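Biologist: I'm new to this structure and would love a close look at a single part of it. Could you take me through it step by step?

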Amino acid sequence: MTTSTPGSLPRGVAVLRPGHRLSLLLHRRSALVAVALLVVLAFVMGVSACVGQTYISPGEVWATVRSGSGPHDLVVNELRVPRIVLGALVGAALGLAGALVQSVTRNPLASPDVIGVGHGAAAATVLALATGAVASPGAMPAVSVAGGLAAATLVYVLAWRRGMQASRFVLTGVGIGVALSAVVQLYLTDSELEAAEQVKLWLTGSLNGRGWEQAGPLTVVLLLCLPALIWASRALRPLGLDTDTAAALGVRVQRTQLGLTVLGVVLAATATGAAGPIGFIALTAPQLAKRLTRTPQLPLLGSALTGAVVLVGADLTARMLMPPLEIPVGALTALVGGPYLLWLLAAPRGQGRSPVVP
């Protein structure tokens with residue numbers, strides 16, 4: 001494999017040539033940031049595995065994970081490690097979904113939450129409970145995924161007018177989200193106290209009590225989406241330009257936007273089914289990653305790693321903030337994400353908004 005930096009390429013970008021017929025563009029700062037985020041993620045996951053109501057040294061954690069047995073097997077292998085792995089996967093999926101949706105809509109305020117994925121998952125959950133199809137919210141990730149996909153499909157169909165305009169797409173998603181929220185509130189009003197408490201906990205978004213059973217399907221979805229994500233990383237470059245320029249370059253803009261939206265919705269809906277609707281990760285992770293990498297477009301790998309770091313760190317903070325009580329991680333991300341959203345709304349165009357916003 002060879003590396004070259006032709007003079008016509010932007011500064012900081014190199015060409016990787018692993019073969020005679022294959023060449024890849026490498027943004028050096030993005031690569032360094034990705035490595036740094038991986039190190040930070042490993043550190044945060046290690047700390048999360050060690051601390052809690054019972055402190056376990058890093059050596060003991062590593063020995064327990066390697067052997068699969070020992071005096072700390074229950075705490076490490078059954079409670080902490082599955083939860084940490086699931087948090088990293090959910091954060092990565094939400095970061096990717098947010099980057100895809102924000103790139104398509106050209107709006108840093110857009111996210112899968114805005115276009116109704118979380119609300120659709122919540123409405124499907126409560127409707128399944130109301131009809132008796134399932135016994136508890138924890139047993140219905142597939143229903144949540146189906147609800148999120150259905151809501152996003154409805155938003156896309158209603159927003160389509162000889163093409164998709166970002167503003168109409170976002171506003172339609174907000175309207176559908178409000179309507180679906182009314183369905184959830186109606187169920188909470190008329191349901192029994194125990195069932196309402198279960199739904200309210202799920203609606204907050206939490207990793208408590210979740211593990212390999214939820215991480216397995218999410219891992220499969222991420223692996224199946226890997227080829228599509230590689231395609232998406234290439235498709236986002238021309239879409240960073242205006243629509244007419246992208247079309248002049250031979251890009252089928254509408255089809256590409258549809259494909260990127262579907263990919264983002266699938267990732268967001270699967271993550272929601274695994275851990276509940278955890279807000280603001282999909283909104284903040286892509287913008288944080290963009291500021292770290294300083295790239296023209298939202299970086300997919302950086303967004304995934306940033307989302308994983310933020311969610312694992314938030315879950316660690318939620319566990320340690322008020323021991324022995326555990327705050328649902330969705331409540332903490334909403335508490336932190338609210339001020340960030342206000343700053344994003346108030347910031348000047350050059351600071352708080354992405355350069356792709358028209």
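Which residues in α11 meet which residues in α12?

Modeller: Happy to help! Please keep in mind that this is a predicted model. On the α11 side, the residues are Ile281, Ala285, Pro286, Leu288 and Ala289, and they meet Gly302, Ser303, Thr306, Gly307, Val310 and Leu311 in α12.

To place these two elements, look for helix α11 at residues 281–293 and helix α12 at residues 300–321. They pack at an angle of about 125°, and their axes are 8 Å apart. Angles from 115 to 145 degrees fall outside the roughly perpendicular and roughly antiparallel ranges, and that makes α11 oblique to α12. The crossing in which α11 passes α12 is right-handed.

Now stay with α12 and bring in another partner, helix α3, which covers residues 73–105. Here the packing angle is about 135°, with the axes 7 Å apart. That makes α3 oblique to α12. α3 also passes α12 in a right-handed crossing. From α3, the contact is made by Arg83, Ile84, Gly87, Ala88, Val90, Gly91, Ala92, Gly95, Leu96, Ala99 and Leu100. From α12, it is made by Leu300, Ser303, Ala304, Gly307, Ala308, Leu311, Val312, Asp315 and Arg319. You may recognise some names: Ser303, Gly307 and Leu311 of α12 take part in the contact with α3, and Ser303, Gly307 and Leu311 also meet α11.

Just past the end of α11 there is one more link to follow. Serine 30 sits in helix α1, residues 28–50. With a relative accessible area of 18%, serine 30 is buried, since buried means under 20%. Apart from its neighbours within four places in sequence, serine 30 is in contact with Thr293 and Thr295.

For the wider setting, the protein has 14 helices and three strands. Of its 358 residues, 48% are buried. Among contacts with a separation of 6 or more, 68% are between residues 24 or more positions apart.

Another helix gives a helpful picture of burial. In α5, the buried residues are Ser144, Val145, Gly147, Gly148, Ala151, Ala152, Val155, Tyr156 and Ala159. Seen down the axis of α5, they fall within an arc of 165°, so they line one face of the helix. The face turned away from that buried side carries the exposed residues Ala142 and Val157.

Conventions:
Residues are numbered from 1 along each chain as its sequence is written. This is a predicted model: local features need pLDDT of at least 70, side-chain atom pairs count only at pLDDT 80 or more; totals for chains, interfaces and linings use all residues. Side-chain values use heavy atoms; hydrogens and water are left out. Buried means under 20% relative accessible area, exposed over 50%, partly exposed in between (1.4 Å probe, protein chains only). Helices (H or I, at least four residues) and strands (E, at least two) are DSSP runs, numbered from the N terminus. The arc is that of the directions from the helix axis to the C-beta atoms. Axes are lines fitted to C-alpha atoms, for helices over the stretch in contact, and angles run from 0 to 180 degrees between N-to-C directions. Angles under 35 degrees count as roughly parallel, over 145 as roughly antiparallel, 65 to 115 as roughly perpendicular and the rest as oblique. A crossing is left-handed if the near helix is turned anticlockwise from the far one by less than a right angle, and right-handed if clockwise. Contact means heavy atoms within 4.5 Å.
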